[in-house]
Amino acid sequence: MNKRIGLKSWLAAASFSRSERLALFAFVNLGLVESLASGRMKPSDAMRIVYHADNCRYVRRQLRDKIADEIMSRGVQLADLFDALPPKEARRELQRELGAMRSLCLRLLEKKKLVA
């Protein structure tokens, strides 16, 4: 996939409540985390496609949720790990960050009472 995903048009297009948009946001990010963890998606691709400035702005201004904002912030920084760290350490740190993102997604879903 090479096309950028615009969360604004995707989440706002349907008549979802804010709570439903946050839940959908969490589920989408869980899928992204899994794709990144398995190596099916590169961090640089994830940043270009999903974790870009327009989506970060949308999450901050429209979803207005600290957990969702943190997920986006962590996603933006994933590609930088490979610029700043040696490869082996970058891979280890990537897995740690993905674990944190996964946990944040689950907390967001728990907060919205969608998972037990």
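**Exercise 1. In which loop is Arg 64 found? Describe the residue's backbone and its accessibility.**

Solution. The structure is a predicted model.
Step 1. Arg 64 is found in the loop between helix H4 (53-63) and H5.
Step 2. The phi angle of Arg 64 is positive, about 45°, although the residue is not a glycine.
Step 3. Exposed residues are those over 50% relative accessible area. Arg 64 has 56% relative accessibility and therefore counts as exposed.

**Exercise 2. Describe the overall make-up and dimensions of the chain.**

Solution.
Step 1. The chain contains six helices and zero strands. Read along the sequence, the pattern is α-α-α-α-α-α.
Step 2. The C-alpha trace spans about 45 × 30 × 20 Å along its principal axes.
Step 3. For 116 residues, a compact globule would have a radius of gyration near 13 Å. The chain has 14 Å, which agrees with that expectation.
Step 4. Of the 116 residues, 38% count as buried.
Step 5. Among contacts with a separation of 6 or more, 67% come from residues 24 or more positions apart.

**Exercise 3. Determine how H2 and H5 are oriented with respect to one another, and state which residues meet.**

Solution.
Step 1. Helix H2 covers residues 18-38 and helix H5 covers residues 66-84; the two pack at an angle of about 25°, with their axes 11 Å apart.
Step 2. An angle under 35 degrees counts as roughly parallel. H2 is therefore roughly parallel to H5.
Step 3. The crossing of these two helices, H2 and H5, is left-handed.
Step 4. On the H2 side the residues are Leu 22, Phe 25, Asn 29 and Leu 36, and they meet Ala 68, Ile 71, Met 72 and Leu 78 of H5.
Step 5. Sorted by class, the contact of H2 with H5 has seven nonpolar residues, one polar residue and no charged residues.

**Exercise 4. Repeat the analysis for H5 and H6.**

Solution.
Step 1. H5 packs with helix H6 (residues 87-111) at an angle of about 170°, and the axes are 10 Å apart.
Step 2. Angles over 145 degrees count as roughly antiparallel. H5 is therefore roughly antiparallel to H6.
Step 3. The crossing of H5 and H6 is left-handed.
Step 4. The contact of H5 with H6 comprises 14 nonpolar, one polar and seven charged residues.

**Exercise 5. Characterise the packing of H2 with H6.**

Solution.
Step 1. The angle between H2 and H6 is about 160°, with their axes 9 Å apart.
Step 2. At this angle, H2 is therefore roughly antiparallel to H6.
Step 3. H2 passes H6 in a left-handed crossing.
Step 4. From H2, the contributors to the contact include Leu 22, Phe 25, Leu 30 and Val 33. From H6, they include Gln 95, Met 101, Cys 105 and Leu 109.
Step 5. The contact of H2 with H6 has 15 nonpolar, two polar and two charged residues.

**Exercise 6. Is Asn 55 buried or exposed? Identify its surroundings.**

Solution.
Step 1. Asn 55 lies in helix H4.
Step 2. Buried means under 20% relative accessible area. Asn 55 has 2% relative accessibility and so counts as buried.
Step 3. When neighbours within four places in sequence are left aside, Asn 55 is in contact with Ile 5, Gly 6, Leu 7, Lys 8, Ile 49, Val 50 and Met 72. Met 72 is also one of the H5 residues in the contact with H2.
Step 4. Asn 55 and Cys 105 are 50 residues apart along the chain, and their C-alpha atoms are separated by 16 Å.

**Exercise 7. Compile the accessibility and the C-alpha distances of Asp 83 and Glu 110.**

Solution.
Step 1. Asp 83 has its place in helix H5, and Glu 110 is found in helix H6.
Step 2. With 69% relative accessibility, Asp 83 counts as exposed. Glu 110, with 47% relative accessibility, counts as partly exposed.
Step 3. Asp 83 and Ser 73 are 10 residues apart in sequence, and the distance from C-alpha to C-alpha is 17 Å.
Step 4. Glu 110 and Ala 23 are 87 residues apart in sequence, and the distance from C-alpha to C-alpha is 9.3 Å. Ala 23 belongs to the H2 side of the contact with H6.

Note on methods
Residues numbered from 1 in each chain as written. Predicted model: local features only at pLDDT ≥ 70, side-chain atom pairs only at ≥ 80, totals over all residues. Heavy atoms only, no water. Axes fitted to C-alpha atoms, helices over the stretch in contact; angles between N-to-C directions. Helix = DSSP H or I, 4+ residues; strand = E, 2+ residues; numbered from the N terminus. Parallel < 35°, antiparallel > 145°, perpendicular 65-115°, else oblique. Left-handed = near helix turned anticlockwise from the far one by under 90°. Contact = heavy atoms within 4.5 Å. Nonpolar A, V, L, I, M, F, W, Y, C, P; charged D, E, K, R; others polar. Rg over C-alpha atoms; globule rule 2.2 N^0.38 Å. Buried < 20%, exposed > 50% of the residue type's maximum accessible area, 1.4 Å probe, protein only.
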